[in-house]
Amino acid sequence: MIDLIHHVGIVVHSADDALVFFRDIMGLTVSEDRVIEEQGVRGVLLAIGENEIELLQPTRDDTGVARYLETKGEILHHICFRTNDIRAELARLQSQGVDLIDESPRDGLAGEIAFIHPKAMHGVLIELAQPPSGSHTGTEKGFDHLAAMVNDIDTAAEDWSQVLGLELSAKIDASDHGILIGQIICGQTVMELVQPATNDSPLAERIGSVGEHPASMIAIEVPDIEEEISRYRSAGMTVSDSSPGPIPGTLRASLTAEETYGLGIQLITYV
């Protein structure tokens with residue numbers, strides 16, 4: 001069974017440099033930090049409530065992660081979902097003919113892992129992980145939401161249901177922001193499927209140019225958004241002023257991905 005989003009993985013040039021932001025400024029705690037020789041990466045997991053952020057730094061140039069970083073720069077690499085039986089999940093997916101990168105589990109930073117091909121998930125590289133006993137488990141809310149940009153919410157939702165067993169729970173008309181939003185709940189996090197509201201919108205043009213893709217961002221709920229804006233600005237970060245978000249009854253502010261190692265941080269509060 002898949003029960004929550006374990007982590008989002010981002011590729012970085014230097015994990016040590018990225019830790020200055022994620023550990024020292026954001027205040028996250030490192031739960032794992034090691035080199036996986038066979039994959040040619042140093043991986044660092046930082047706990048944020050029930051979720052984690054994974055920093056992936058290539059340790060040699062002949063790996064997929066190294067090529068991804070060279071091609072795309074520092075950016076979101078994958079979204080990982082936790083399962084209590086990765087072998088059963090892979091057997092189920094193989095029986096359904098889902099395109100897999102890994103047909104059997106291998107060792108990874110999050111435990112036993114396997115990847116689903118992004119063409120099966122509308123451009124999102126999905127990792128499944130069965131963490132070992134004794135690994136980080138949080139009960140607090142971590143991510144408020146993540147997002148994937150898709151051509152059609154209903155079509156994408158069918159595949160998310162088939163592959164991960166996660167169902168569409170709500171649709172939100174945010175056409176005043178140029179988008180429509182489908183919500184899928186996993187643990188305490190909402191996975192948003194974001195569709196252009198019109199065929200000539202900026203998002204439609206973006207999808208037409210690069211295809212369906214995950215947004216390289218995480219949204220984090222904060223109790224006092226103005227206080228958080230002030231805290232990050234005091235640390236020398238660029239943060240937008242708060243403004244109404246596309247979800248009714250929310251205010252949001254954003255740190256730029258250029259300053260946060262490719263993972264845009266959105267602060268959100270419910271009013």
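The chain has 271 residues, for which a compact globule would have a radius of gyration near 18 Å; the chain has 18 Å, so the two agree. The model is a predicted one. Along the principal axes, the C-alpha trace spans about 45 × 40 × 35 Å. Of the 271 residues, 52% are buried, and the chain exposes about 11900 Å², with carbon and sulfur atoms supplying 47% of that area. When contacts between residues at least 6 apart in sequence are considered, 59% of them join residues at least 24 apart. The chain carries 17 positive and 44 negative charges, and the mean positions of the two sets are 3 Å apart.

In secondary structure, the chain holds six helices and 17 strands. A useful place to start is strand β5, which covers residues 75-83. Seven of its nine residues are buried, so β5 is largely enclosed by the rest of the structure. Two of its pairings can be followed in the model. Strand β1, residues 2-11, runs antiparallel to β5 and is joined to it by eight bridges. Within that pairing, H7 stands opposite C80 of β5. Strand β8, residues 126-130, pairs with β5 in the parallel sense over four bridges. Here F81 has L128 of β8 as its bridge partner.

The loop that leads into β8 from β7 (111-116) contains H122. Phi of H122 is near 55°, a positive value in a residue other than glycine. H122 has a relative accessible area of 12%; buried means under 20%, so H122 counts as buried.

Back towards the start of the chain lies helix α1, residues 15-25, whose buried residues are A15, A18, L19, F21, F22 and I25. An α-helix has 3.6 residues a turn, so residues three or four places apart point the same way. The list for α1 can be read with that spacing in mind: A15, A18, L19, F22 and I25 are among its buried residues. After α1 comes G27, whose phi is positive, near 90°.

The next element to follow is a hairpin. Strand β2 (residues 29-36) and strand β3 (residues 41-48) run antiparallel and are joined by seven bridges. D33 has V44 in β3 as its bridge partner. Four residues lie between the two strands of this hairpin, and G40 takes a positive phi near 65° there.

Another hairpin is formed by β15 and β16, with five residues between the strands; in it G249 takes a positive phi near 80°. Strand β15 consists of residues 243-244 and is joined to β16 by two bridges, the strands running antiparallel. P244 stands opposite L251 in β16. Strand β16 is also joined to β17, again antiparallel, by six bridges. In that pairing L255 stands opposite I265 of β17.

The loop between β16 (250-255) and β17 (264-270) holds Y261. Phi of Y261 is near 60°, a positive value in a residue other than glycine. With a relative accessible area of 21%, Y261 is partly exposed; the cut-off for buried is under 20%.

A last stop links the β15 and β16 region to another part of the chain. H177 sits in the loop between β10 (168-174) and β11 (179-186). Leaving aside residues up to four places away in sequence, H177 touches P244, G245, P246 and R252. P244 is the residue that stands opposite L251 in the pairing of β15 with β16. H177 and G245 are 68 residues apart along the chain, and their C-alpha atoms are separated by 8.5 Å. H177 has a relative accessible area of 35% and is therefore partly exposed.

Note on methods. Residues are numbered from 1 along each chain as its sequence is written. This is a predicted model: local features need pLDDT of at least 70, side-chain atom pairs count only at pLDDT 80 or more; totals for chains, interfaces and linings use all residues. Side-chain values use heavy atoms; hydrogens and water are left out. Buried means under 20% relative accessible area, exposed over 50%, partly exposed in between (1.4 Å probe, protein chains only). Two strands pair if DSSP finds at least two bridges between them. The radius of gyration is taken over C-alpha atoms; the globule rule is 2.2 Å times the number of residues to the power 0.38. Contact means heavy atoms within 4.5 Å. Accessible areas come from the Shrake-Rupley method with a 1.4 Å probe; for residues, only the protein chains shown count as cover. Lys and Arg count as positive and Asp and Glu as negative; His and the chain ends are not counted. The place of a charge is taken as NZ of Lys, CZ of Arg, CG of Asp or CD of Glu.
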